[in-house]
Amino acid sequence: MLVRILLTLLIITFPAFADASLETCVRSCLDDVTPTTPTTPTVPTTPTTGSKIFPSQIIFENQSDVATGKYAGKALILFPASWYGKILSVGLNGETGYKDEYKGQPVFRFTKEGSAYSRPLKIVITATNGQVYTAYTGSAVTPNAGNNVETVKTSGWANNNRDHYRITNSGASYGKNFVLEFSDGSKYTVPDGSVRKEWSDGTLWKPKSDNDPNKAVVLGKRNVHITSVTVRY
């Protein structure tokens, strides 16, 4: 999986104290247009003059290709090896990431694909010294609309003679304004994946299946057999 987003960190020296530089660095790399004040700020008593703080890059990936279980194919935030041991936790839109390691680099894994998280992203980094940095990013990390696809074949014929297509995840995971593209060429835009949407021909998006609330379901047109539907989100 190619890296979707690359957020470049400036190499920042210590003009006065380390934590202030880290705060500036975090805000810069995350495109924080509305800077927030870190909670319970702490100023080191013995700053290391002239040293560098957290150089190199932070990488945000929409989909990980090096993960298993519920984190397979999901979003991650990867830090350079120089950050190892300096980060306690990372939050993304209120979800605390699973702390992991990849080739000596700290990585925090999340349970949804990156494009499924609403914008602006709220990223909260908690350092091991207790310092907390909050940043919001919108333009630097844009929704991956249309680049993710999931194709599902019909699994049944019921409910006013309509094909049923059982989708992998719950409706909210697909975000907003995504497209249902049927194999007969018909297309429908779903304004909000978390909300039920039905069209006049019987086509229906249900964010939660009656049989499995963790999966969405699509119903096709009445009295028309269609082989498959592709969700483009």
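**Exercise 1. Work out how accessible Glu181 is, and do likewise for its salt-bridge partner Lys187.**

Step 1: Glu181 has a relative accessibility of 22%, so Glu181 counts as partly exposed. The cut-offs are under 20% relative accessible area for buried and over 50% for exposed, with partly exposed in between (1.4 Å probe, protein chains only).

Step 2: Lys187 comes out at 57%, which makes Lys187 exposed.

Step 3: Now check the pair. A salt bridge needs a side-chain nitrogen of Lys or Arg within 4 Å of a carboxyl oxygen of Asp or Glu. The closest N and O atoms of Lys187 and Glu181 are 3.8 Å apart, and the pair forms a salt bridge.

A word on the ground rules: this is a predicted model, where local features need pLDDT of at least 70 and side-chain atom pairs count only at pLDDT 80 or more, while totals for chains, interfaces and linings use all residues. Residues are numbered from 1 along each chain as its sequence is written, and side-chain values use heavy atoms, leaving out hydrogens and water.

**Exercise 2. Trace the salt-bridge network around Glu198.**

Step 1: Start with Arg162, whose side chain meets that of Glu198 in a salt bridge at 3.3 Å, N to O. This pair links distant parts of the chain, 36 residues apart: Glu198 sits in strand β17 (residues 197–198) and Arg162 in strand β14 (residues 162–166). Strands here are DSSP runs (E, at least two residues), numbered from the N terminus.

Step 2: Look at burial. Arg162 is buried at 7% relative accessibility, whereas Glu198 is partly exposed at 36%.

Step 3: Add Arg196, which has a salt bridge to Glu198 at 3.6 Å, N to O. Shared partners then join Arg162, Arg196 and Glu198 into one network. The structure as a whole holds seven salt bridges.

**Exercise 3. Find which strand gives the largest share of the largest nonpolar core.**

Step 1: A nonpolar core is a set of buried Ala, Val, Leu, Ile, Met, Phe, Trp, Tyr and Cys residues joined through side-chain atoms within 4.5 Å. The largest one has 17 residues, and Phe178 and Trp205 are among those with the most contacts inside it.

Step 2: Strands β15 (176–182), β16 (187–192) and β20 (228–232) each supply at least two of its residues. The winner is β15, with three.

How values were computed:
Helix = DSSP H or I, 4+ residues; strand = E, 2+ residues; numbered from the N terminus.
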